[in-house]
Amino acid sequence: MSAILPPADRLWWKQSIDKTEWMWIFLAFTWAMIMFFMMIYWHINGKQNLSNEVYKTTPEAFAAKAEKFIAANTVRTETEQNIPVVKVPEGGDGYLVASLWKWSPILELEKGKTYKIHLSSMDYQHGFSLQPVNINIQVLPGYEHVVKMTPTQSGTYAIVCNEYCGIGHHTMLGRIYVK
Ligand code: CUA
């Protein structure tokens, strides 16, 4: 029996399985099982797991918390739109609001310190993509996603929205400064 020619015997499914085929079935099954258990293994031992801390919220409640945070910690404003640059208190909480089509505020962090960054959306689904480190988080209205982060390198990081959110999607950029 070959894979190119049609089976000679019309009742091919009644033929016994060839040794070579059993070998491939065995290899594919073994590999699938290895990959399956790797999912569990990496969840426990991997270093890139996102925190699963998520709370239900409302855009109004989240905006109120973010506004309070911005009012208390703004150090200056930047760009023509006067986006506040907010220094997140050491070891504390920072709030990042996604809305059509901006990320606000600009967060300022310090290298080696750990922060809890709260993410939520005011309107539709957005995607938090942190470049160049390539961290991806879905940002949804009604959900407050809390991400623990400890920046290891100083510099300017870009936040790119990677979930299509309408006509201004490509302009939805934000920034995080690490000193
Ligand atoms: Cu927000 Cu695309």
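Hi everyone. A disulfide is a covalent bond between the sulfur atoms of two cysteines. For counting purposes here, that is a pair of cysteine sulfur atoms within 2.5 Å. With that in hand, let me tell you about this structure, which is a predicted model: it holds zero disulfides.

While we're talking about cysteines, let me point out two of them. Cys-161 is buried, with a relative accessible area of 4%. Cys-165 is buried too, at 9%. Both values fall under the 20% cut-off for buried.

Now let's step back to the whole chain. What does the secondary structure come to? The protein has two helices and 12 strands. Reading from the N terminus, the order is α-β-α, followed by β-β-β-β-β-β-β-β-β-β-β. The radius of gyration is 24 Å, whereas the globule rule gives 16 Å for 179 residues, so the protein is more spread out than a compact globule. You can see that in the C-alpha trace as well, which spans about 80 × 35 × 30 Å along its principal axes.

How much of the protein is buried? Of its 179 residues, 33% are. If you take the contacts with a separation of 6 or more, 58% of them join residues 24 or more positions apart. As for the surface, the protein exposes about 12100 Å², and carbon and sulfur atoms supply 61% of that area. On the charge side, there are 16 positive and 15 negative charges, and their mean positions are 5 Å apart.

Let me finish with two residues you may like to find on the screen. The first stop is Trp-42, in helix 1, which covers residues 19–45. Is Trp-42 buried, partly exposed or exposed? Its relative accessible area is 46%, so Trp-42 counts as partly exposed. If you go looking for Met-122 from there, you have some way to travel: Trp-42 and Met-122 are 80 residues apart in sequence, and 33 Å apart in space from C-alpha to C-alpha.

The other stop is Thr-57. Look in the loop between strand 1, residues 53–56, and helix 2, residues 59–73. Thr-57 is buried, with a relative accessible area of 15%. Which residues does Thr-57 touch, leaving aside those up to four places away in sequence? They are Phe-62, Ser-120, Gly-142, Tyr-143 and Glu-144.

That's my tour, so thanks for listening, everyone.

Note on methods. Residues are numbered from 1 along each chain as its sequence is written. This is a predicted model: local features need pLDDT of at least 70, side-chain atom pairs count only at pLDDT 80 or more; totals for chains, interfaces and linings use all residues. Side-chain values use heavy atoms; hydrogens and water are left out. Buried means under 20% relative accessible area, exposed over 50%, partly exposed in between (1.4 Å probe, protein chains only). Helices (H or I, at least four residues) and strands (E, at least two) are DSSP runs, numbered from the N terminus. The radius of gyration is taken over C-alpha atoms; the globule rule is 2.2 Å times the number of residues to the power 0.38. Contact means heavy atoms within 4.5 Å. Accessible areas come from the Shrake-Rupley method with a 1.4 Å probe; for residues, only the protein chains shown count as cover. Lys and Arg count as positive and Asp and Glu as negative; His and the chain ends are not counted. The place of a charge is taken as NZ of Lys, CZ of Arg, CG of Asp or CD of Glu.
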